[in-house]
Amino acid sequence: MTRIACLITVNEPAGNELARPALLRVALAHSPRVEDAGAGRIYLDASGLEGLFGDEPRLAARLRDAAAAAGVEVRVGIAESRLAALAAARLGPGVTIVEPGGDAASLAPAPLSLLDLPEETATRLSRWGIRSLGELAALPTAGLFERLGGDGVRLQRLARGEDPRPLVSWRAVPLFEESTECEWGLETLEPVVERLRELAARVCARLGTAGLAADGFEWTCRLGDGRVHEGALAPAVPISDAESVGGLLRLALEARPPRGVVEALTFRARPVRLAPAQESLTDRSRPAPRQLTATLNRLVALVGADAIGAPALLDTHRPDAITLAEYSPSNPPPRRDSRPPTPLKGVSQHPPSPLGGEGRVRGDEAPALALRRLRPTAPASVTMASGRPVAVRSARLAGRIVAGVGPWRVSGEWWSPRPWLQDEWDVELADGTLCRLAHDGSAWRLEGIYD
């Protein structure tokens with residue numbers, strides 16, 4: 001029979017990093033299997049500990065007293081499942097023991113918030129009038145599956161005290177760090193860079209031996225006046241190549257050097273394990289991490305680290321609303337299928353022209369008409385007659401408008417301090433040029449040219 005003890009902190013912030021190590025030490029001193037659930041919560045296997053610490057009330061009291069001696073006030077609950085142990089610890093007076101077989105009864109009055117439900121699921125259950133775990137456990141399983149799928153059945157089993165998942169044993173994260181003392185002090189940048197490169201080489205050698213890479217590096221410089229200079233860098237891809245890390249270090253230190261005499265240096269890496277993957281013969285080839293890092297180093301030296309990244313669309317319909325996000329080659333853009341789309345029965349395969357009508361196709365040539373957007377857009381002067389544009393002049397083009405369709409009004413972000421609204425026209429000039437014009441109420445702009 002499985003018995004699980006739950007320790008939760010009292011009057012401590014959820015992310016208190018000082019209380020977490022103390023809780024882990026207390027739990028590991030009493031059980032070989034400990035799970036760190038975060039948010040000031042620790043689970044440990046309480047099965048078979050009677051011979052060492054006595055019955056469960058004595059074990060719970062011992063855990064509480066040991067945490068108090070470490071400076072952390074906790075509540076303790078013991079039950080057969082994680083959720084029942086959590087409810088006992090959170091809703092009990094200090095030490096609460098759920099008798100074997102009593103998880104479902106102890107969970108019945110507990111609120112649904114113990115399940116950490118997604119907002120959509122919590123809202124749906126609230127509309128159904130479900131407020132407690134007992135009410136969720138009493139629902140017909142078949143009907144719950146029809147409405148919430150397998151996730152609903154899983155939540156119901158948890159509400160009934162059924163949790164077959166084993167504890168995820170906590171393991172200490174290996175520390176990859178090297179330090180050195182500079183007896184005479186380093187007053188210029190070049191020796192600081194060289195010393196850090198030596199430390200980085202040692203760390204990278206240890207990473208390679210362990211079969212790991214690093215997705216982040218940090219360093220600390222202790223200065224002669226007692227101040228501390230800190231720095232960090234994150235490569236585009238996890239790496240363990242000492243030469244590439246040394247190049248990144250040099251660029252980072254040249255951009256932000258320590259201001260003072262350096263007496264000690266510490267360099268550390270954030271290790272990650274890369275799962276081996278077989279490259280597909282049909283996917284486009286990817287650059288080697290070392291070559292990619294070297295290329296990014298040169299780009300950073302030319303334009304700066306803030307100007308390197310990948311374009312990402314913003315959550316808005318504003319034209320060209322993009323930002324610069326962190327570049328991640330592990331998520332390449334989706335491939336486009338080179339095969340032509342399957343024709344739909346009864347639908348013409350001649351695409352409509354932007355000025356109306358149906359496009360023309362010569363022989364087997366596929367139609368292609370694309371809008372080449374101008375970034376930034378070009379200011380334009382437009383002559384209107386009877387509410388329609390009849391002539392346009394800009395730095396890119398000028399001429400008489402012989403045909404046009406529009407306007408199409410587009411707008412968005414009316415709820416924000418900077419809403420936007422504009423009318424768009426597709427027009428054809430006398431020389432056959434097709435272009436798009438936009439008017440935001442105050443000025444005309446040339447948005448793009450069709451080609």
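In which sense do strands S1 and S3 pair, and over how many bridges? The points below address this question and then turn to a bent helix; the model is a predicted one.

1. Strand S1, made up of residues 4–9, pairs with strand S3 (residues 41–45) in the antiparallel sense, and five bridges join the two. At alanine 5 of S1, the bridge partner in S3 is leucine 44.

2. S1 also has strand S4 (residues 74–79) as a partner, again in the antiparallel sense, here over six bridges. Alanine 5 can serve as the example once more: its bridge partner in S4 is isoleucine 78.

3. The student may next consider how S1 is covered. Six of the six residues in this strand are buried. Ile4, Cys6 and Ile8 lie on one side, Ala5, Leu7 and Thr9 lie on the other, and both faces are covered.

4. Helix H8 (residues 141–159) deserves separate attention. Its end C-alpha atoms are only 12 Å apart, whereas a straight helix of 19 residues would span 27 Å. H8 bends by about 130 degrees at leucine 148.

5. Leucine 148 is also one of the buried residues of H8, as are Leu144, Gly152, Val153, Leu155, Gln156, Leu158 and Ala159. Their cover includes helix H4 (82–91), helix H5 (103–107), helix H6 (119–127) and helix H7 (133–137).

6. Finally, the reader should look just beyond the end of H8. Glycine 161 follows this helix, and its phi is positive, near 85 degrees.

Key
Residues are numbered from 1 along each chain as its sequence is written. This is a predicted model: local features need pLDDT of at least 70, side-chain atom pairs count only at pLDDT 80 or more; totals for chains, interfaces and linings use all residues. Side-chain values use heavy atoms; hydrogens and water are left out. Buried means under 20% relative accessible area, exposed over 50%, partly exposed in between (1.4 Å probe, protein chains only). Helices (H or I, at least four residues) and strands (E, at least two) are DSSP runs, numbered from the N terminus. Two strands pair if DSSP finds at least two bridges between them. The expected span of a helix is 1.5 Å times one less than its number of residues. The bend at a residue is the angle between axes fitted to the seven residues ending there and the seven starting there. Contact means heavy atoms within 4.5 Å.
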